[in-house]
Amino acid sequence: MKIVADSGCDFTTEMKNNSNIVQVPLTLQINDEIFSDTLDLDIVNFRNKLRENKKNRKTAAPSPQLYVDAYGGDEDVFVVTLSSHLSGSYNSAVTAKDLYFDDYGKKNIYVVDSKSASVGETLIVNKILELKEKGLSFDEIKNEICKFRDNLNTYFILENYDSLVNTGRLNPYVAKLAALLGIVPICGADDGHAVLTAKAKGMKKAYLKLIDDITKKCSDTENRVLYITHIDALEKANELKEVMMSKLNFKECHITEGSGLCSSYADIGGLIISF
């Protein structure tokens with residue numbers, strides 16, 4: 001079995017070292033400079049450029065041909081993409097499936113719309129691996145992974161409002177006022193859409209508000225694995241991990257570093273969690 005994931009997925013060290021997991025990169029743009037969001041991207045240099053350029057950022061989904069190339073081989077293929085409401089990556093992957101069938105004949109390829117991003121995708125990839133290790137068939141994994149995906153929760157705790165303003169999700173005047181007051185935005189994934197779910201005065205209160213929301217929505221955290229990804233904010237990620245584990249008692253917690261794509265949208269200092 002092969003797993004193909006776009007670069008909206010934050011790869012763990014284990015995933016990077018697994019030859020059965022293939023990344024398909026999105027294209028990132030800052031002003032006139034183009035970057036391929038590969039595992040080899042100089043993330044320090046990229047983030048420095050993000051710091052210098054708050055507005056002129058663009059991203060582009062992978063071409064279908066990149067997916068066609070990734071599908072090659074005799075293995076069954078599971079594909080995990082960014083939410084179809086956030087990127088054209090899912091549509092490219094589905095188009096590539098048809099192109100692959102036309103050129104090379106049919107085989108088992110299943111494209112999963114993560115309805116999430118970042119570590120939401122990471123969790124789906126790891127779940128596919130777990131189900132395969134249990135000996136489930138291709139069709140059984142398809143059914144189980146959709147149930148797992150629909151039960152995931154993803155949140156974004158942002159350092160600033162720039163990405164919300166630039167994507168048209170928040171009025172610039174409201175964002176400026178909130179920033180002056182030190183109000184931290186908390187966003188969530190609602191059926192694949194990114195929405196502003198709460199606001200709090202300061203980061204510590206944001207953590208407590210997040211915990212309160214999770215407590216209301218999820219009663220089985222002790223059976224779930226928590227992933228936290230950070231955008232050049234390891235200290236904050238560790239602080240959040242300590243708070244989350246003490247208050248919600250997750251089964252495990254892992255911290256990863258955000259990809260170029262996630263850095264573009266969550267921005268410097270941003271945190272993304274999924275469980």
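The following legends describe close-up views of a predicted model.

**View 1. The largest nonpolar core draws on strands and helices from several parts of the chain.** This core has 40 residues, and Phe46, Ile124, Val125, Ile128 and Ile145 are the members that touch the most others. At least two core residues each are supplied by strand E1 (2–6), strand E3 (27–30), helix H2 (43–52), strand E6 (77–81), helix H5 (119–133), helix H6 (138–150) and helix H11 (260–266). Helix H5 gives the largest share, 6 residues. A second core, separate from this one, comprises 26 residues, among them Ala200, Met203, Ile214 and Cys253.

**View 2. Isoleucine 128 and its contacts within the structure.** When residues up to four places away in sequence are not counted, isoleucine 128 touches Met1, Ile3, Phe78, Val80, Ile141 and Ile145. Both isoleucine 128 and Ile145 belong to the group of core residues that touch the most other members.

**View 3. Helices H5 and H6 pack against each other.** The angle between H5 and H6 is about 145°, and their axes lie 10 Å apart. The crossing of H5 and H6 is right-handed. On the H5 side, the contact is made by Leu123, Ile124, Lys127, Ile128, Leu131 and Lys132. Helix H6 contributes Ile141, Glu144, Ile145, Phe148 and Arg149 to the contact.

**View 4. Helices H3 and H4 cross at an oblique angle.** Helix H3 (residues 64–71) packs on helix H4 (residues 89–104) at an angle of about 55°, with 8 Å between the axes. Angles from 65 to 115 degrees would count as roughly perpendicular and those under 35 degrees as roughly parallel, and H3 and H4 are therefore classed as oblique to each other. Their crossing is right-handed. Pro64, Tyr67, Val68 and Tyr71 of H3 form one side of the contact. The other side consists of Ser89, Ser92, Ala93, Thr95, Ala96, Lys97, Leu99, Tyr100 and Tyr104 of H4.

**View 5. Two salt bridges involve residues of helix H2.** In the whole structure, 14 salt bridges are found. Lysine 49 pairs with glutamate 33, with 3.3 Å between the closest N and O atoms. Because lysine 49 lies in helix H2 and glutamate 33 in strand E4 (residues 33–36), this pair ties together parts that are 16 residues apart in sequence. Glutamate 33 is partly exposed, at 36% relative accessibility. In the second pair, arginine 47 forms a salt bridge with glutamate 257, and the closest N and O atoms are 2.7 Å apart. Distant parts of the chain are linked by this pair, as arginine 47 is in helix H2 and glutamate 257 in strand E12 (residues 252–257), 210 residues apart. Arginine 47 counts as buried, with a relative accessibility of 3%, whereas glutamate 257 is partly exposed at 41%.

**View 6. A salt bridge between two loops forms part of a network.** The side chains of lysine 115 and aspartate 191 form a salt bridge with an N to O distance of 3.2 Å. Aspartate 191 is in the loop between strand E9 (183–190) and strand E10 (193–201), and lysine 115 is in the loop between strand E7 (109–113) and H5, so this salt bridge ties together parts 76 residues apart in sequence. Both partners are partly exposed: aspartate 191 has a relative accessible area of 47%, and lysine 115 has a relative accessibility of 27%. A network of salt bridges links Lys115, Arg149, Asp150 and Asp191.

**View 7. Aspartate 6 is a buried residue of strand E1.** Its relative accessibility is 0%. Aspartate 6 and glutamine 23 are separated by 17 residues in sequence, and their C-alpha atoms are 5.5 Å apart in space. Apart from neighbours within four places in sequence, aspartate 6 is in contact with Phe11, Gln23, Val24, Leu26, Tyr67, Val80, Thr81, Leu82, Ser89 and Glu121.

**View 8. Lysine 236 is a buried residue of helix H10.** Helix H10 spans residues 234–248. Lysine 236 has a relative accessibility of 17% and counts as buried because the limit for that class is under 20%. With neighbours within four places in sequence left aside, the contacts of lysine 236 are Glu159, Met203, Tyr207, Gly269 and Leu271. One of these, Met203, is also a member of the second nonpolar core.

Definitions and conventions. Residues are numbered from 1 along each chain as its sequence is written. This is a predicted model: local features need pLDDT of at least 70, side-chain atom pairs count only at pLDDT 80 or more; totals for chains, interfaces and linings use all residues. Side-chain values use heavy atoms; hydrogens and water are left out. A nonpolar core is a set of buried Ala, Val, Leu, Ile, Met, Phe, Trp, Tyr and Cys residues joined through side-chain atoms within 4.5 Å. Buried means under 20% relative accessible area, exposed over 50%, partly exposed in between (1.4 Å probe, protein chains only). Helices (H or I, at least four residues) and strands (E, at least two) are DSSP runs, numbered from the N terminus. Contact means heavy atoms within 4.5 Å. A salt bridge is a side-chain nitrogen of Lys or Arg within 4 Å of a carboxyl oxygen of Asp or Glu. Axes are lines fitted to C-alpha atoms, for helices over the stretch in contact, and angles run from 0 to 180 degrees between N-to-C directions. Angles under 35 degrees count as roughly parallel, over 145 as roughly antiparallel, 65 to 115 as roughly perpendicular and the rest as oblique. A crossing is left-handed if the near helix is turned anticlockwise from the far one by less than a right angle, and right-handed if clockwise.
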